[in-house]
Amino acid sequence: MPLSSRTLWLDFSIRKAKVYRRVGITAIRGFNDILPEEAELWRHIEEESFMVFSSYGFSEIKAPIVEKTELFSRSIGETTDIVEKEMYTFLDRHGDSLTLRPEGTAPVVRAYIEHKLYESPVTKLYYAGPMFRYERPQKGRYRQFYQIGAEVLGDGSPQADAEALGMLMGLFDRIGLEGAMLQINSLGCPDCRPAYKKKLYAFLLDRKESLCDNCKRRIDANPLRALDCKNPGCVEATKDAPSIIESLCADCADHFRKVQARLERLGIKASINPRMVRGLDYYTKTTFEITASGLGSQNAVAAGGRYDGLVNELGGPRTPCFGFAMGVERLALLLKENGVFKKKPLSVFIALGENAEMKGMELLKGWRQKGLKIAEDFSGGSLKSRMKRADKAGARYVLILGEDELGHGEITVKDMATAGQERVKWEFVADRIAP
Ligand code: ATP
Ligand code: MG
């Protein structure tokens, strides 16, 4: 081995060793790095969502990721899994109890009240960002996860529910999510739910021995939780539980019927699942969940419903609302598997010689202004090694500017997918390599 390449090899190994030493600290389980390739898909999901939401008149709101603990315990409910065992709660240096938000609705409602957004008749808001729950990490379930959500505040009509569901199903269709299935239910209101709770309580009392400890303990305070429990014993014991739909008051039953009629008009299939109570206590009337196959048991990609009492409960005026959140990790997993999302093609620019480099900078500036994605390779070396590098970087096209091309106002475009190449006039490069 010649001395120069030996030195190079040694140098390389030392650098590698240094890197390994630094990697001693890893991410916390359930908290993920989203690497560039994945992040591009996430951005695509976000951009499509924001575009669809704004076409329905929604505007973005950015709330903080930390709130006073009380906001969540009061809104989500003291006897829910989230509040009992999933929140990241800590005391700050002043001794105040703070919580990393486990969901996005309560912060939006807090901001809505605090900034008197209720002064306009209907407020439509969307948000995106990380949520935190201390759950058992597994495929599609993490401790930090990313939600995109939307809330309609100030509209109690069944039309609002159907429109929001139509918007969500339309979005899924647009981004190419396959097999999205909508399930709906109604949880009634403070007029009719107490009677149902009593009925369910009596039913559960007879089967108390088959319930898990958690459900046994909560049976008095919150019998509905047993219907949401994933413990096989509880699922079996509540199989024939009384249906909440049969206990709805006239107003809730009418609302539910109207939501269904409107979904039908929108061409959206919905199956009724009277067991679906959701994991948060603030829901009233319509609740829903959208599932997709290919995620194993973590198959819910979006969920939400109506919460007509929450704004008032948190100190604002009586304001009927409807909202939902979707899980970006789960959507990204599904879209990656079905291969519908195509990344913007990458080109790599190679200049041969200093003149080509100088002109190249000018050309690149113009092409990038047109939105082309071009990385440059000004590293020198042989054309062969530079082509190899471009291939490794995942280039779809390699643009080669040599002396001859320079003289003709052209560039060689090599298509890495077909291995074909052609000379293209500078002004037509954008048309040739655009996605
Ligand atoms: P699940 O039944 O899967 O636990 P959930 O009822 O707790 O969901 P919501 O609180 O309604 O879910 O949140 C809406 C969406 O956010 C879910 O449908 C899912 O896509 C996503 N989501 C919820 N929890 C997690 C998590 N721990 N990791 C990843 N995504 C999540
Ligand atoms: Mg959950």
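**Exercise 1. In which strand is Lys285 found?**

Step 1. Lys285 is found in strand E9. Strands (E, at least two residues) and helices (H or I, at least four) are DSSP runs, numbered from the N terminus.

Step 2. A few ground rules help before going on. This is a predicted model, where local features need pLDDT of at least 70, side-chain atom pairs count only at pLDDT 80 or more, and totals for chains, interfaces and linings use all residues. Residues are numbered from 1 along each chain as its sequence is written, chains are lettered from A and ligands numbered from 1 in the order in which they are written, and side-chain values use heavy atoms, with hydrogens and water left out.

Step 3. Now look at the backbone: Lys285 has a positive phi of about 50 degrees although it is not a glycine.

Step 4. Lys285 counts as buried because its relative accessible area is 9%. The cut-offs are under 20% for buried, over 50% for exposed, and partly exposed in between, with a 1.4 Å probe and protein chains only.

**Exercise 2. Work out the setting of Thr284.**

Step 1. Thr284 is found in strand E9, which covers residues 284-291.

Step 2. Thr284 counts as buried, because its relative accessibility is 9%.

Step 3. Leaving out residues up to four places away in sequence, Thr284 touches Gly188, Arg193, Arg306, Tyr307 and Asp308. Contact here means heavy atoms within 4.5 Å.

**Exercise 3. Put the strands of the eight-stranded sheet in order.**

Step 1. The sheet is open, its pairing is mixed, and the order reads E1-E5-E6-E11-E10-E9-E7-E8. Two strands pair if DSSP finds at least two bridges between them.

Step 2. Check the ends. E1 and strand E8 (270-272) each have a single partner strand, so one side of each is left without a neighbour in the sheet.

Step 3. Zoom in on E1, residues 59-60: this strand pairs with E5 in the parallel sense over two bridges. Ser59 has Leu125 of E5 as its bridge partner, and Glu60 stands opposite Tyr126 in E5.

Step 4. Go to the pairing of E5 with E6, which is antiparallel and runs over ten bridges. There, Lys124 stands opposite Val152 in E6.

Step 5. Finish with the cover on E5 (residues 123-132): eight of its ten residues are buried.

**Exercise 4. Describe the surroundings of ligand 1.**

Step 1. There are 16 residues around ligand 1, and Arg133, Glu135, Arg141, Arg278 and Ala300 come nearest. A residue counts as near if one of its heavy atoms lies within 4 Å.

Step 2. Sort the shell by type, and you get seven nonpolar, three polar and six charged residues. In this scheme Ala, Val, Leu, Ile, Met, Phe, Trp, Tyr, Cys and Pro are nonpolar, Asp, Glu, Lys and Arg are charged, and the others, Gly among them, are polar.

Step 3. Find the strands involved. Strand E6 (144-153), strand E10 (300-306) and strand E11 (321-327) each supply at least two residues of the shell, and E10 gives the most, with four.

Step 4. List some polar contacts, meaning pairs of N or O atoms within 3.5 Å. A side-chain N or O atom of Glu135 is 2.7 Å from a nitrogen atom of ligand 1. Gln147 has a polar side-chain atom 2.9 Å from an oxygen atom of ligand 1. For Gly327, a polar backbone atom is 3.4 Å from an oxygen atom of ligand 1.

Step 5. Taken alone, ligand 1 exposes 580 Å², and the protein buries 92% of that. Accessible areas come from the Shrake-Rupley method with a 1.4 Å probe; for residues, only the protein chains shown count as cover.

**Exercise 5. Is Lys384 buried or exposed?**

Step 1. Locate Lys384 in helix H15, residues 383-392.

Step 2. Lys384 is exposed, because its relative accessible area is 66%.

Step 3. Lys384 and Trp367 are 17 residues apart in sequence, and their C-alpha atoms are 25 Å apart in space.

**Exercise 6. Place Lys116 and describe its backbone.**

Step 1. Lys116 sits in the loop between helix H5 (105-114) and E5.

Step 2. Phi of Lys116 is near 50 degrees, a positive value in a residue other than glycine.

Step 3. Lys116 counts as partly exposed, because its relative accessibility is 44%.

Terms used
Polar contact = N/O pair within 3.5 Å; in protein donor to acceptor, adjacent residues only side chain to side chain.
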